[in-house]
Amino acid sequence: MSNDTIIALSSGSVPSGVAIIRLSGPAAARVLTDMLGALPEPRRLKLTDISIGGETLDRGLVAWMPGPHSFTGEDCAELQVHGSPAVVRAILRGLASQPGMRLAEAGEFTRRAFENGKLDLTEVEGLGDLILAETENQRRLAHARLEGGLTRQVERWREQLLDMRADIEARLDFSDEGDVDASPASWADDAQALHTAIDGALSVYRQGRILRDGYRVVLAGPPNAGKSSLLNALSRSDAAIVSDEPGTTRDLKEIPLDIDGQLIILIDSAGLRETTSRAEAIGVDRARAAMRAADLVLWLQAPDQVSVAPPDLREPDQPAWNPPDVVTIATKKDLGTVEGARHSVSATTGAGVSELLAFLHRVSGAPAAHTADILVSHERDREALHAASAALADATSHVDELEFAAEDLRRASHALERLLGRMDAEAVLDHLFSAFCIGK
């Protein structure tokens with residue numbers, strides 16, 4: 001299938017003002033020659049009739065981008081035509097009927113770019129993040145990754161590891177030569193410095209994850225504390241059903257907010273109480289699980305209710321779990337005050353709502369974040385760098401056992417190579433590209 005020429009609609013859904021149809025593969029030159037009579041000048045748009053099989057289907061712009069200087073590294077072409085469903089359908093049908101040509105699968109253009117060395121795996125992930133970016137911080141983070149910010153740093157680390165491995169191999173193979181330094185200090189000091197640098201990159205993973213995936217805020221509290229009303233007030237919508245009847249909310253409802261470029265995900269949850277209703281009990285269990293997975297829990301307390309303390313979310317079988325921050329919020333400010341509350345709001349009058357939104361933006365860490373300095377934002381990044389860090393720690397403990405140290409540094413190198421997609425990448429590729437749209 002890699003010898004096929006793939007085609008797809010690469011622009012948005014039709015109808016539209018313009019539709020872009022992309023081709024990549026060995027038959028692209030033949031198709032353009034048949035269509036135009038000769039290949040146009042590379043990387044310059046040419047206005048022409050779009051004819052297939054002797055039939056003129058439209059008039060539009062054609063771009064010819066011969067490999068290897070193209071997105072995929074193969075011969076590529078793009079047709080910019082009118083965004084009519086009938087036009088796009090006729091052109092795709094006509095192209096797919098040509099020998100050696102077929103419709104592309106999800107993410108296949110980008111996969112070919114990866115396989116032809118035009119992008120590494122972290123840059124591919126950056127492209128995927130950029131396509132899905134909804135906020136300014138997500139865009140900046142994805143752009144830095146796509147432009148090779150993480151790649152360049154990992155390459156530098158990898159070069160340092162290669163130098164250290166060469167040093168150790170020289171000591172092992174040529175220990176009797178006079179010009180081989182017998183002191184272990186050089187490579188061991190370098191390994192310790194690299195270990196510190198990688199741990200520094202790992203230390204900002206949480207902030208990177210928040211910038212990429214959003215800051216998750218759970219609205220929790222007893223029934224009728226005003227959770228759904230506050231959700232509606234913060235999101236300026238009627239997303240949640242509001243009722244005086246306790247137990248109205250029985251499932252989680254997520255609402256994404258863009259607050260000054262930062263994605264904040266508000267999660268409405270069931271009121272926490274003992275109940276005989278099986279459906280409500282399931283909602284309570286889901287609420288507790290959401291609280292455990294949150295970055296922040298807003299514990300809502302109304303002045304017309306008896307004060308209830310937030311629940312203990314710790315579980316004996318997860319001693320390493322880091323609990324979320326819990327902040328008490330007084331709701332129904334128009335009815336009175338709640339002692340010890342961090343903020344007071346009223347969903348009815350709107351009092352305190354803008355202040356609470358500003359507080360959420362501040363505690364998310366977004367104002368202090370510098371996206372260009374945040375390299376680690378994917379779980380795969382964290383796992384690979386953690387493996388490299390652990391291997392380096394092992395190496396520094398084997399200063400006097402060079403054979404073990406050499407193996408430790410090899411493991412560190414392989415962890416970085418896996419991060420870039422240079423080994424053991426097939427399963428990661430299948431999962432990653434399945435999430436791409438057709439035509440990208």
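These are legends for a set of close-up views of a predicted model.

**View 1. The whole chain, for orientation.** Before zooming in, here's the overall layout: the protein chain carries 14 helices and 12 strands. Its radius of gyration comes out at 28 Å, well over the 22 Å that the globule rule gives for 440 residues, so the chain is more spread out than a compact globule. Along the principal axes, the C-alpha atoms fill a box of roughly 80 × 80 × 40 Å. Buried residues account for 48% of the 440. About 21,400 Å² of the chain is exposed, and carbon and sulfur atoms supply 50% of that. Of the contacts with a separation of 6 or more, 64% link residues 24 or more positions apart.

**View 2. The largest nonpolar core.** This core has 31 residues, and those with the most contacts inside it are Trp157, Leu161, Trp187, Ile198, Leu385, Leu392 and Leu409. Helices H6 (149-173), H7 (185-202), H12 (379-396) and H13 (402-420) are the elements that each give two or more residues to it. H13 puts in the largest share, 9 residues. As a rule for soluble globular proteins, nonpolar side chains tend to be buried together.

**View 3. Leucine 161 and its partners.** Here we home in on Leu161, one of the core residues with the most contacts. Leaving out neighbours within four places in sequence, Leu161 is in contact with Leu194, Leu392, Leu409, Ala412, Ser413 and Leu416. Aspartate 408 sits 247 residues away from leucine 161 in sequence, yet their C-alpha atoms are 10 Å apart in space.

**View 4. Aspartate 408, an acidic side chain under cover.** Asp408 belongs to helix H13. Its relative accessible area is just 5%, under the 20% cut-off, so Asp408 counts as buried. Setting aside residues up to four places away in sequence, Asp408 touches Ala391, Asp394, Ala395 and His398. Look for the polar side-chain atom of Asp408 that lies 3.3 Å from the backbone nitrogen of Ala395.

**View 5. The six-stranded sheet.** Follow the strands across and you get the order E8-E9-E7-E10-E11-E12, in an open sheet with mixed pairing. E8 and E12 (343-344) stand at the edges with a single partner strand each, so one side of each is left without a neighbour in the sheet. E7 (residues 215-220) runs parallel to E9, and the two pair over 5 bridges. One spot to check is Val217, whose bridge partner in E9 is Leu266.

**View 6. The E8-E9 hairpin.** Strands E8 (residues 253-259) and E9 (residues 262-268) are antiparallel and pair over 7 bridges. Lys253 has Asp268 in E9 as its bridge partner. The hairpin has 2 residues between its strands, and Asp260 in the turn shows a positive phi of about 50°.

**View 7. Threonine 135 meets the hairpin.** Thr135 lies in the loop between helices H4 (121-132) and H5 (136-146). With 6% relative accessibility, Thr135 counts as buried. The Thr135 side chain reaches the backbone oxygen of Gly261 at 3.1 Å. Apart from neighbours within four places in sequence, Thr135 is in contact with Asp258, Gly261, Gln262 and Leu263.

Technical notes:
Residues numbered from 1 in each chain as written. Predicted model: local features only at pLDDT ≥ 70, side-chain atom pairs only at ≥ 80, totals over all residues. Heavy atoms only, no water. Core = buried A, V, L, I, M, F, W, Y, C linked by side-chain atoms within 4.5 Å. Buried < 20%, exposed > 50% of the residue type's maximum accessible area, 1.4 Å probe, protein only. Helix = DSSP H or I, 4+ residues; strand = E, 2+ residues; numbered from the N terminus. Contact = heavy atoms within 4.5 Å. Polar contact = N/O pair within 3.5 Å; in protein donor to acceptor, adjacent residues only side chain to side chain. Pairing = 2+ DSSP bridges. Rg over C-alpha atoms; globule rule 2.2 N^0.38 Å. Areas by Shrake-Rupley, 256 points an atom, 1.4 Å probe, with all protein chains shown as cover.
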